[in-house]
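Q: Please look closely at how side chains are placed in this model, buried or exposed, and work through one helix in detail. A connected account is preferred to a list.

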Amino acid sequence: MSVHEYITSLCEAANAAKSELAAASAAKKNTVLLRIAELLVERSSEIIAANATDLDKAADNGVPIPMLDRLKLDDKRIGAIASSLRELVLLNDPIGSGTRTTRPNGLVIEHIKVPLGVVAIIYEARPNVTVDAAALCIKTGNACILRGGKEAINSNLALTAIMRDALSENGLSPDCVSLVSDTSRESSTELMKMRGYIDLLVPRGGAGLIRSVVENATVPVIETGAGNCHIYIDESADLDIAVNVALNAKLSRPSVCNAVETMLVNEAVAAEFLPKFVSALTHPLEIRGCEKTQAIIACKSADESDWAKEYDDYILAVKVVSGIDEAIAHINRYNTKHSECIITKNMHNAARFQSEIDAAAVYVNASTRFTDGGEFGFGAELGISTQKLHARGPMGLDALTTSKYLIQGDGQIR
């Protein structure tokens, strides 16, 4: 079977299965999700063994340590995934919700939320995405096709098998969730071209992956993920808060898309703040600074390309700026519309920053690491949309629905 035939067969199976999932009650879908949570814990040793194979291969292939961290699954992380499913069950099912109006001519018009149909997700070495994405699709009645990276193939196969078992146990087609087991570039390209089969494609990963999908797909795409995020330390900032937030935003998980990559520091506080920040570092950090930064702390020299980079590593670009005007202009020039932060006690500056920064999430005095479906109360997320149509920010349940109008009459004509 050719790759084209293989991908087509997956799409055909998903389309055949989507109607039964779309018709499933909220109670049945929740039962499936709870069963997945149970099986994840019961079969955790199976998952961890598969993940160990992936980790060993990735290490042999020179995958950087921060990226290995994204790939790793252990009992704690599997437990967290299971907990997120239980939280998702507690959320209201959006399907069928909506509004009802009666027109002067007697027509009754309902505007309701319905599933999209078949959702495909292309992503990299983060096996938790396998469960998060599928769970959101199940809750919203969408069949899904998962295409993860080759580094996580064994982990993804184990996780998908569990979800398909839970679907079958509850009388639903296992093809409501399927995984592309072919990790060649060709399989990804074929999936992008399945117009007529796929209703939405979501790429989740680095800038290269997202650019490839956006430029080559012939199916509808939501652009997600690339995170060149910034933190601006304002003149009036509480410097202790600034240090703590900046450390968390950069060091807690540097390989994720909501980690800060560039720190801008007001020149009025730079001489005090930068040494304070460096002395508080809890992990070795390569700093690439502008000339003014280099005059204050020992660091490498930043060039123009550093302002536009998503490092996904223990590297931070630092620039000393004249004030909030320069900070806003710099961020809007180089950011990826993901998550941005200001540390300030000046509420006028805070309001300006939140109003003028073009990004999905704009923070005042809090870490960008909160841009996450779970942290926002969505249970999980399909990705973080950095575009403006039809979803923006963490994509939860509502982002996986579309609209339908239901009209009732008694013989009206126009």
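A: A residue counts as exposed when its relative accessible area is over 50%, as buried under 20%, and as partly exposed in between. By that cut-off His348 is exposed, because its relative accessible area is 56%. The model is a predicted one. His348 sits in helix α14 (residues 347-356), and its C-alpha lies 48 Å from that of Ala58, a residue 290 places away in sequence.

The helix chosen for detail is α7, residues 153-169. Its 17 residues, at 1.5 Å a residue, should span 24 Å, and the end C-alpha atoms are 24 Å apart, so the two values agree. Among the buried residues of α7 are Ile153, Ala158, Leu159, Ile162, Met163, Ala166 and Leu167, and the polar Ser155, Asn156 and Thr160 are buried as well. The elements that cover these buried residues include the helices α2 (26-42), α3 (44-60) and α6, together with the strands β3 (118-123), β4 (143-147) and β5 (177-179). Just after α7, Gly171 has a positive phi of about 75°.

Part of that cover can be followed through Ile36. Beyond its neighbours within four places in sequence, Ile36 contacts Ile162, Met163 and Ala166, and also Leu85 and Ile138. Ile36 is also one of the residues, with Leu40, Leu146 and Leu382, that touch the most other members of the largest nonpolar core, which has 51 residues. Helix α6 (residues 127-139) gives the most to this core, 8 residues. A second core, separate from it, has 36 residues, including Ala246, Leu247, Ala302 and Tyr363.

Charged side chains complete the picture. The model has 25 salt bridges. In one of them, Arg288 and Glu286 meet at 2.6 Å, N to O; Arg288 is buried, at 17% relative accessible area, whereas Glu286 is partly exposed, at 23%. Salt bridges with shared partners also join Arg35, Glu38, Glu42 and Glu169 into one network.

Arg70, in helix α4 (residues 65-71), is a contrasting case. Arg70 is buried but forms no salt bridge, and Asp312, the nearest side chain of opposite charge, is 4.1 Å away. The limit for a salt bridge is 4 Å, so this pair does not count. A polar atom of the Arg70 side chain does lie 2.4 Å from the backbone oxygen of Ser255. Apart from neighbours within four places in sequence, the contacts of Arg70 include Ala125, Pro127, Arg253 and Val256.

Definitions and conventions: Residues numbered from 1 in each chain as written. Predicted model: local features only at pLDDT ≥ 70, side-chain atom pairs only at ≥ 80, totals over all residues. Heavy atoms only, no water. Helix = DSSP H or I, 4+ residues; strand = E, 2+ residues; numbered from the N terminus. Buried < 20%, exposed > 50% of the residue type's maximum accessible area, 1.4 Å probe, protein only. Lys, Arg positive; Asp, Glu negative; His and termini not counted. Polar contact = N/O pair within 3.5 Å; in protein donor to acceptor, adjacent residues only side chain to side chain. Contact = heavy atoms within 4.5 Å. Core = buried A, V, L, I, M, F, W, Y, C linked by side-chain atoms within 4.5 Å. Expected span 1.5 Å × (residues − 1).
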